[in-house]
Amino acid sequence: MAWKGVEHYQDKRQATTVAPAADLALQAPNQPAQLFRCDGRKYCSQMTSCAEATYFLKNCPGVKMDGNGDGVPCEQQWCRP
């Protein structure tokens, strides 16, 4: 009987150790989007990276960063093929 009690304690300890890591994994995909926010910038010259320009193109209204309409912003400045 004593051995069963030890197993039960170990199971609880493992569950509490694993749960926070699982929670962090679920939050990770959302982090890049939180780095940027629509703030009125519209042009490639106002961006600092391809990731930022891509976020703005996909999420912010009125941007002017995809002159050829192919879905890739700022090809000459940031998002070179």
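Does C50 count as buried, exposed or partly exposed, and at what relative accessibility? At 28% relative accessibility, C50 counts as partly exposed, and the points below place this cysteine among the disulfides of what is a predicted model.

1. Count and pairing. The model holds three disulfides, and when the bonded cysteines of the protein chain are numbered in sequence order, their pairing reads 1-4, 2-5, 3-6. As a reminder of the chemistry involved, a disulfide is a covalent bond between the sulfur atoms of two cysteines.

2. The link of C50 and C79. These two cysteines form a disulfide with their sulfur atoms 2.0 Å apart, and the angle of 110° about the S-S bond makes the link of C50 and C79 right-handed. C50 lies in helix α3, whereas C79 lies in the segment after α3, so the pair ties together parts that are 29 residues apart in sequence. The accessibility of the partners should be read separately: C50 is partly exposed at 28%, while C79 counts as buried because its relative accessibility is 7%, which falls under the 20% cut-off for buried residues.

3. The link of C38 and C60. Here the sulfur atoms of the disulfide are 1.9 Å apart, and the torsion about the S-S bond of C38 and C60 is about -90°, so this disulfide is left-handed. C38 is found in the loop between α2 (31–35) and α3 (50–59), and C60 in the segment after α3, so the pair ties together parts that are 22 residues apart in sequence. C38 counts as partly exposed, with a relative accessibility of 36%, whereas C60 is buried, its relative accessible area being 9%.

4. The link of C44 and C74. A disulfide joins C44 to C74 with an S to S distance of 2.1 Å, and with -95° about the S-S bond this link is left-handed. C44 lies in the loop between α2 and α3 and C74 in the segment after α3, so the pair ties together parts that are 30 residues apart in sequence. Both partners fall in the buried class, since C44 has a relative accessible area of 10% and C74 has a relative accessibility of 2%.

5. Reading the links together. The disulfide of C38 and C60 is left-handed, as is the link of C44 and C74, whereas the link of C50 and C79 is right-handed. On the side after α3, C60 is buried, C74 is buried and C79 is buried.

Note on methods
Residues numbered from 1 in each chain as written. Predicted model: local features only at pLDDT ≥ 70, side-chain atom pairs only at ≥ 80, totals over all residues. Heavy atoms only, no water. Disulfide = S-S within 2.5 Å. Helix = DSSP H or I, 4+ residues; strand = E, 2+ residues; numbered from the N terminus. Buried < 20%, exposed > 50% of the residue type's maximum accessible area, 1.4 Å probe, protein only.
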